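Here's a quick tour to read with the viewer open. Have a look at the chains first, then follow along.

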Amino acid sequence: MKFRLSLLAGIASLALLAGSMTPPAHAGDADAGSTKTTNGGLNQNKAIGKRSTAGQDTTTVGGSATRHSTDTTNGGRNRNVAIGRDADSEQSNTTVGGSADGRSRTATEGGNNSNKASGRRSVANQDTTTVGGEAEGRSTEITRGGNNRNAATGRDSEADQSVTTVGGSASRGSKSITNGGNNSNKASGKGSTATQSVTTVE
Amino acid sequence: MKKPLLLLLGIGVMAWPLVATAGERAKGGSQQQTHLQQTDCPKSVTQVVKPKNVVTVDGETSDQQVVENGPALPAGCKPLVSTRVVTPLNLATGQGSSANQEVEAGSQPAGSLVTRDVVSGTNRAAGAHSTANQGITATRKPISNLPANNR
């Protein structure tokens, strides 16, 4: 009877792991002479604790680069872990890279986010959205909305983090840099609640 | 052969005051323009918003609201570099304490060659049964509903 129960628990945990969604990153077109990088992979999603749940949803869309331009979109390397018993951790990351034209450069990095529910019956929710702008002419546009940390380490704690960064467009000779990331949210006390909402619009 | 050389030398000596006057005028105009830029329209603008809201006492509640617009510049002024740094801290360490923080930063100068916007918030609920809520908004548009102490 005990063996059957453990088997059922194993099947349930496998089903929970299978429920995590990680759509493939979309790489845009790169014309001759341009440099383009789109990294949306290396995402980790783990439900280690007994009856824990971990859900992850990641979308990375690379932009297009033409002529001498450079377009870099990194939306990956996100980690989502539910360690605590009966813990729940949900993570959603969206990174949309912009397009570069002429001698311009656009870089959009919305990845490297961490979400952790390590306390017993803890809940950790993380939502990160980074939308890179467009660059034309000789301009430069950089949007960084990643490197955010969200953790619910206390027993019965809850940590909710929502970070939205929308990069602007740079045209002609202008240069625009937007850093909306590197935010930290943590609920470490017993039964504590930490809610963080960061919105940066350029 | 010597006559054309002497003629050119004579023309040069006669034209020297005119050239010197033109150069002085150009220099004076440039100085005046630089002076105007330094006083009214700076080349670089930096705005730092760094509020702290820390609750260490048990059962205590602290609400903080910070609304800041960028520096007021004259019409048509476009600084070369515009930087804004928003790094708020919200911390609830007391047992059953509550820390609420709301930060709004707006009105960044438009038309700058380089525009930097750094937003990085820290929110912690470290005490038992504590609550920490943090809301950060950074936009380019000016925020009209400024509180009375920030107008």
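In which sense do β5(B) and β8(B) pair, and over how many bridges? They pair in the parallel sense, over 4 bridges. One spot to click on is B:Leu89, which stands opposite B:Thr122 in β8(B). Keep in mind that this is a predicted model.

## The sheet that crosses both chains

That strand pair belongs to an open sheet of 8 strands. Going across, the order is β2(A)-β5(A)-β8(A)-β11(A)-β14(A)-β8(B)-β5(B)-β2(B), and the pairing is parallel. At the edges you'll find β2 (44-47) of chain A and β2 (52-55) of chain B. Each of these has a single partner strand, so one side of each is left without a neighbour in the sheet. On average, neighbouring strands here are turned by 0° against each other, direction ignored.

## Chain B on its own

Chain B has 1 helix and 9 strands, with the helix coming first from the N terminus and the strands following: α-β-β-β-β-β-β-β-β-β. Of its 151 residues, 28% count as buried. Take the contacts in chain B between residues at least 6 apart in sequence: 83% of them join residues at least 24 apart.

For a loop to look at, try B:Gly76, between β3 (61-69) and β4 (81-86) of chain B. Is B:Gly76 buried or exposed? With 8 other C-beta atoms within 10 Å, B:Gly76 is exposed. Its C-alpha atom and that of B:Ala110 are separated by 9.5 Å, and the two residues are 34 apart along the chain.

## Where the chains touch

Now for the contact between the chains: 28 residues of chain B are in contact with 29 residues of chain A. On the chain B side, β7 (114-119), β8 (122-125) and β9 (131-138) each supply at least two residues. The largest share, 8 residues, comes from β9(B). Sorted by class, this side of chain B has 10 nonpolar, 14 polar and 4 charged residues.

Strands pair across the contact here too. Strand β13 (residues 175-179) of chain A is joined to β7(B) by 5 bridges, and the two run parallel. Within that pair, A:Asn179 stands opposite B:Val118.

## Nonpolar cores

The largest nonpolar core has 20 residues, and A:Ala152 and B:Ala92 have the most contacts inside it. Elements giving two or more residues to this core are β5 (79-82), β9 (123-131) and β11 (149-152) of chain A, together with β5 (89-92) of chain B. There's also a second, separate core of 8 residues, which includes B:Val86, B:Val103, B:Ala105 and B:Ala138.

What does A:Ala152 touch, leaving out residues up to four places away in sequence? Among its contacts are A:Ala117, A:Gly119, A:Val123, A:Ser157 and A:Ala187.

## Two positive phi values in chain A

Two loop residues in chain A deserve a click. A:Asp86 lies between β5 and β6 (88-96), and its phi is near 60°, a positive value in a residue other than glycine. A:Asp86 counts as partly exposed because it has 17 C-beta neighbours inside 10 Å.

A:Arg121 sits in the loop between β8 (114-117) and β9 of chain A. Phi is positive here as well, near 55°, again in a residue other than glycine. Why does A:Arg121 count as buried? Because 20 other C-beta atoms lie within 10 Å, and the cut-off for buried is 20 or more.

Technical notes
Residues numbered from 1 in each chain as written. Chains lettered and ligands numbered in written order. Predicted model: local features only at pLDDT ≥ 70, side-chain atom pairs only at ≥ 80, totals over all residues. Buried ≥ 20, exposed ≤ 12 C-beta atoms within 10 Å, placed from the backbone. Contact = placed C-beta atoms within 7 Å. Core = buried A, V, L, I, M, F, W, Y, C linked by C-beta atoms within 7 Å. Nonpolar A, V, L, I, M, F, W, Y, C, P; charged D, E, K, R; others polar. Pairing = 2+ DSSP bridges. Axes fitted to C-alpha atoms, helices over the stretch in contact; angles between N-to-C directions.
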